[in-house]
Amino acid sequence: MKNIRCNGREALYFKLQRHWMKICKLSSFLLLAGMTSAYAEDAYSINRQLEVVNERIHSAKSEEVTQATVTVSGIVKDNTGEPLIGVSVLVKGTTTGVITDLDGRFTLQAPAGSELLISYIGYANQSIPVTSRSTNLNIILQSDEIALDEVVVTALGINRSQKALSYNVQEVKGDELLGVKDANFMNSLSGKVAGVTINASSAGMGGATRVVMRGTKSITKDNNALYVIDGIPIFNSNKGELGEMNEYASHTRSEGIADLNPEDIESISVLTGPAAAALYGSNAANGAILITTKKGVTGKPKVIVSSQTSFSKPFVLPEFQNRYGNRSGEYRSWGDKQSQYNYNPSDFFNTGVATINSASLSVGSDKNQTYFSIGSTNSKGIIPENRYDKYNVSLRNSTKFLQDKMTLDFGFSYIKQSDKNMLAQGKYYNLLTAIYTYPRGENPATMKAYEKYSDAEGYPVQQWQWG
């Protein structure tokens, strides 16, 4: 090794340089150790937080699984403590439900946080929340006093409690007639009253209805019910009776009850039992329909405007042969195959249109109430030239005098009604007989003018050109 000589200043420089290098190495080591420790602490903290989050998620999932469904059980009683049989217990918003057994008890599975709807005829409904503690419920249902004290209109417009009557009375609110309107509002009553059969007429738009209560009572006499409007019986005749051998019938028309505006009806009470005859005599032997019209209502003025349009077409038609026509001079279609015309009975019918408009105003105070309404019905039937038009104007005012000891009820109605070309029964005045049997070899364009005014009869008669 070669010796290097240096003076004192250089030796001191080299000594300081060696100490500085040792210090740098030591600092680097200490810094690296500190960073490693910090990184280790951060990693430990992150891992710990992930473990806590996983524990919470697992706990929440376990709790959710536990609380997903709850077995709910209990007993349902009335206010006297007697168990109720057949009570409906339904989970709101679902189709899950049960009914109580002979002891009034029930058991079902329900989601936690949902509600049970308890319902029973004659009792008020109850809603009960489902919790984890809903294991043995004791439910008390209260009687529905409002339903028990329902008031109906009887003879002469007298209001009586339905439970106090000794005879059968069924009531239909006027709003139930306004869902799907008809030119004759009685058709809208079909299926809404038990024991009452309502047959719509095939005479066309606005045709009369046949209302039979509790079956046919007479073979030769009229079986229709009596109509009473605000305590006043009305004469309701519609003609159209069959003559000898069921071949001819008088010209049919609409009926008086169809002239009412359904928007003016407050309620309809139906008397189906013998009590109707006791109240209104032999005219009500087949039952009675009591119609109560609307009055003014106390409070702010109320305006109601409604409009409805309906369409009608034949639903099912008999099937006929349309291939073979008629021979010359013959009416029956038993000739050769036709090549010139192709008549089909369905081509004769039109699309029926009925438009019903109405507007009403109701206003009043404690002493005076007024109701005013106007309405119109314009309809065309499926038979050509069949029309029914009706215009209504109604005004009703109720005023109290002498410190409410006397009441004046004033009503005014104006009705303009017209019907045209309604179908009749029988063989010769019924269009359907000619439509279905018209010779297939004839020109169907001639059928459009099937009526001609007769000077002798004073009204249009049918004429079918053929041959």
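These are my notebook entries on a predicted model, covering one sheet, two nonpolar cores and an aromatic pair.

**Entry 1: the sheet**

I began with a three-stranded sheet, which is open and runs in the order β4-β1-β7. Its pairing is mixed. Going from one strand to the next, I get an average twist of 35 degrees.

Why do β4 and β7 each have one side without a neighbour in the sheet? Both stand at the edges, β4 as residues 105-111 and β7 as 137-140, and each has a single partner strand, so one side is left free of any sheet neighbour.

**Entry 2: β1 against β4**

Next I looked up how β1 meets β4. β1 covers residues 69-77, and its pairing with β4 is antiparallel, over seven bridges. I noted two of the bridge partners: V70 goes with A110 of β4, and T71 goes with Q109 of that strand.

Which residues of β4 are on the covered face, and which on the uncovered one? I find F106, L108 and A110 on the covered face. R105, T107, Q109 and P111 make up the uncovered face. So A110, the partner of V70, is on the covered face, while Q109, the partner of T71, is on the uncovered one.

**Entry 3: the cores**

Then I turned to the nonpolar cores. The largest has 20 residues, and F185, I268, I289 and I291 have the most contacts inside it. Five strands put at least two residues each into this core: β11 (196-199), β12 (210-213), β13 (226-229), β15 (265-271) and β16 (288-293). Which strand gives the most? That is β15, with three residues.

I picked I268 for a closer look. Setting aside neighbours within four places in sequence, I268 is in contact with Q170, E171, V172, L177, F185, L189, I289, L290 and I291. That list includes F185, I289 and I291, which are named with I268 as having the most contacts inside the core.

There is also a second core, separate from this one, with 18 residues; V70, L84, I128 and L141 are among them. V70 I had already met as the bridge partner of A110 in β4.

**Entry 4: aromatics**

Last, I checked the rings. How many aromatic pairs does the structure hold? There are three. I wrote down one of them, F348 with F349, which is edge-to-face. Their centres are 6.0 Å apart, with 85 degrees between the planes. Are F348 and F349 buried or exposed? Both are buried.

Conventions. Residues are numbered from 1 along each chain as its sequence is written. This is a predicted model: local features need pLDDT of at least 70, side-chain atom pairs count only at pLDDT 80 or more; totals for chains, interfaces and linings use all residues. Side-chain values use heavy atoms; hydrogens and water are left out. Two strands pair if DSSP finds at least two bridges between them. Helices (H or I, at least four residues) and strands (E, at least two) are DSSP runs, numbered from the N terminus. Axes are lines fitted to C-alpha atoms, for helices over the stretch in contact, and angles run from 0 to 180 degrees between N-to-C directions. Buried means under 20% relative accessible area, exposed over 50%, partly exposed in between (1.4 Å probe, protein chains only). A nonpolar core is a set of buried Ala, Val, Leu, Ile, Met, Phe, Trp, Tyr and Cys residues joined through side-chain atoms within 4.5 Å. Contact means heavy atoms within 4.5 Å. Rings of Phe, Tyr and Trp (its six-membered ring) pair if their centres lie within 6.5 Å; planes under 30 degrees apart count as stacked, over 60 as edge-to-face and the rest as tilted.
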